[in-house]
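Let's take a walk through this structure together, one feature at a time. Keep the viewer open and follow along as each residue comes up.

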Amino acid sequence: MEDDSETVAFTRRQLLASVGSGAAAGVIGSAVLAETPDSPPADGPGPSIDRQADGISESEYPYAVWQYHYNTDEPDDIGVASPINVVFPLEDATFGEFTATFERAGWTDAPLEYTLWAWDRDGERYRRPHWSSAESYFGLGGRLHVRVWQFEGTASVQAHVDSAVTPNHTVTSYFDAQVAVGELFEQAGWTVDGTLDLENATPPDHDGHASVIRR
Amino acid sequence: MTGTLDSPQLGHRSGRTLVGFVVLSVLTAGLLSAEFVPRVVDDEGRFLLWVLNGFAGVVLFSVLLAPVFGVTYGLWNGGPVLAAAVPTVPVLVGHMIAAQPVATADLSFALAGGGAAAVVGAVQTVRLSDGDGRAVRASLVGLAIAIATTVMAGVFLWRLLVTAGPHVTVGLWSTGALLALTLGGLAVFAVVAGPRE
């Protein structure tokens, strides 16, 4: 170990300066980003659903009933993917007030997401979401995620829990996200006013009833 | 360019440093493509959007693996600054696109990955330095980055353990594992590069 002194290229003072500047930068960075996204947990496991229902007609309400994905086995290359599980009549609130509630909870309104569609009964065509939000842009380790359509002055929300990216996002729960969105809006002074039966029960845990949230 | 690539903060051998830059560039360019290309496709372009969904999935998984890429690069070529950039820059770019100034689980994970990659890069910079003072001093920059990112990731993780729902458990455990790796790396750095008088 005689040549140890030749490998010494910095002094104890330089080492301490490095450690100190790193720690200071870390503390400052932690203080700048002081908030975390609001992610209300669900009370418990939702219902166990093992079969997808047919859903009511898309023309029944101003809300969408399903979220659709690309599927070559179906007409128009588009098939049912997942259920709309929260709806907002928005009689006494604007769409901007609705979206601001997510943003105030620290959610992003520009998450990285797969493109999906909902049926616009008025325009008679499938549309991509008008707005989306999630706890985080990637959701690498899992996240709450909503896609939203604004039809006829209402908002139709598909809320779900995304799994970690292992290797893709998959839906682990609709129920937990439905409860979380309700909680988020109740905290902001809105009211969960019962449910609307869209008959769109879907595994693993959506019973076909969408929460109705009003201000 | 060769002069830039020769910096020991970026890597020991310039050819390998170039590979590191290519990995970082591909990750970032892939992310920007996954974000912006679908915006110019019409609603009716369902097949193309389906293909782009697949591409977004590849990008997501690549960003998840970026800490592995960063640590591997640090082991292979030192260069703590570039090693730390590989896991952190794509997620920081995502946060900028998202305009989300909050401490998310994504950010905590990426910073923990950056810290692990930085400390591995710093240790390797010392080991590969062959007594070159410039290289060994560069390792101090890596040490500072590793400490800064680890402090932030640790604080964010602590807050998220209180506020986040059970659905991010996998992400928080992964972050904790990366922080443990970094602490181990810091101990190794102290042994390999500690000042001797």
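A good place to begin is A:Asp197, which counts as partly exposed because its relative accessibility is 34%. Keep in mind as you look that this is a predicted model. A:Asp197 sits in strand S10 of chain A, which covers residues 191-197. On the surface, A:Asp197 belongs to a patch of negative charge, together with A:Asp54, A:Glu60, A:Glu199 and A:Asp207.

One member of that patch deserves a second look. A:Glu199 is found in the loop between S10 and S11 of chain A, and with a relative accessible area of 43% it is partly exposed. Its backbone is worth checking too: phi of A:Glu199 is near 55°, a positive value in a residue other than glycine. Most residues other than glycine have a negative phi, and most peptide bonds are trans. A:Asp76 is another non-glycine residue with a positive phi, here about 60°. You will find A:Asp76 in the loop between S1 and strand S2 (78-83) of chain A. Its relative accessible area is 53%, so A:Asp76 is exposed.

While we are on the backbone, let's turn to the peptide bonds. A:Thr166 and A:Pro167 are joined by a cis peptide bond with an omega of about -5°. A:Pro167 is placed in the loop between strand S8 (154-162) and strand S9 (171-173) of chain A. A cis peptide bond also joins A:Pro203 to A:Pro204, with omega about 5°. A:Pro204 lies in the loop between S10 and strand S11 (209-214) of chain A, and A:Glu199 from the negative patch is placed in the loop between S10 and S11 as well.

Now for the aromatic side chains. Over all chains, the structure holds 19 aromatic pairs. One of them brings together A:Tyr68 and A:Tyr126: the ring centres are 5.1 Å apart and the planes stand at 70°, so this pair is edge-to-face. A:Tyr68 comes from strand S1 (residues 66-70) and A:Tyr126 from strand S5 (residues 125-127), both in chain A, so the pair ties together parts that are 58 residues apart in sequence. Both A:Tyr68 and A:Tyr126 are buried.

How is the pair of A:Phe98 and A:Phe185 arranged? These two rings are stacked, at 5.7 Å centre to centre and with 20° between the planes. A:Phe98 is in helix H3 (residues 95-104) of chain A and A:Phe185 in helix H4 (residues 175-187) of chain A, so here the pair ties together parts that are 87 residues apart in sequence. A:Phe98 counts as buried because its relative accessibility is 0%, and A:Phe185 is buried with a relative accessible area of 0%. If you widen your view, ring pairs link these two phenylalanines into a cluster with A:Phe88, A:Phe95, A:Phe102, A:Trp107, A:Trp131 and A:Trp190.

Let's finish with the charged pairs. Side chains of opposite charge can pair when their charged atoms come close. Over all chains, the count comes to 11 salt bridges. In one of these, A:Asp120 pairs with A:Arg127, and the closest N and O atoms are 2.7 Å apart. At 7% relative accessibility A:Asp120 counts as buried, whereas A:Arg127 is partly exposed at 24%.

Which residue of chain B forms a salt bridge with A:Arg125? The partner is B:Asp43, with the closest N and O atoms 3.0 Å apart. This pair crosses between chains, running from A:Arg125 in strand S5 of chain A to B:Asp43 in the loop between helix H2 (14-36) and helix H3 (46-77) of chain B. A:Arg125 is partly exposed at 29% relative accessibility, while B:Asp43 counts as buried at 14%.

B:Asp43 also takes part in a salt bridge with A:Arg128, where the closest N and O atoms are 3.6 Å apart. This pair crosses between chains too, with A:Arg128 in the loop between S5 and strand S6 (131-134) of chain A. A:Arg128 counts as buried, at 16% relative accessibility. Back within chain A, a network of salt bridges links A:Glu91, A:Asp193 and A:Arg214.

Terms used
Residues numbered from 1 in each chain as written. Chains lettered and ligands numbered in written order. Predicted model: local features only at pLDDT ≥ 70, side-chain atom pairs only at ≥ 80, totals over all residues. Heavy atoms only, no water. Patch = residues over 30% accessible without salt bridge, like charges linked within 9 Å, V, L, I, M, F, W, Y side chains within 5 Å. Areas by Shrake-Rupley, 256 points an atom, 1.4 Å probe, with all protein chains shown as cover. Salt bridge = Lys/Arg side-chain N within 4 Å of Asp/Glu carboxyl O. Lys, Arg positive; Asp, Glu negative; His and termini not counted. Charge placed at Lys NZ, Arg CZ, Asp CG, Glu CD. Helix = DSSP H or I, 4+ residues; strand = E, 2+ residues; numbered from the N terminus. Buried < 20%, exposed > 50% of the residue type's maximum accessible area, 1.4 Å probe, protein only. Phe/Tyr/Trp six-rings, centres within 6.5 Å; stacked < 30°, edge-to-face > 60°.
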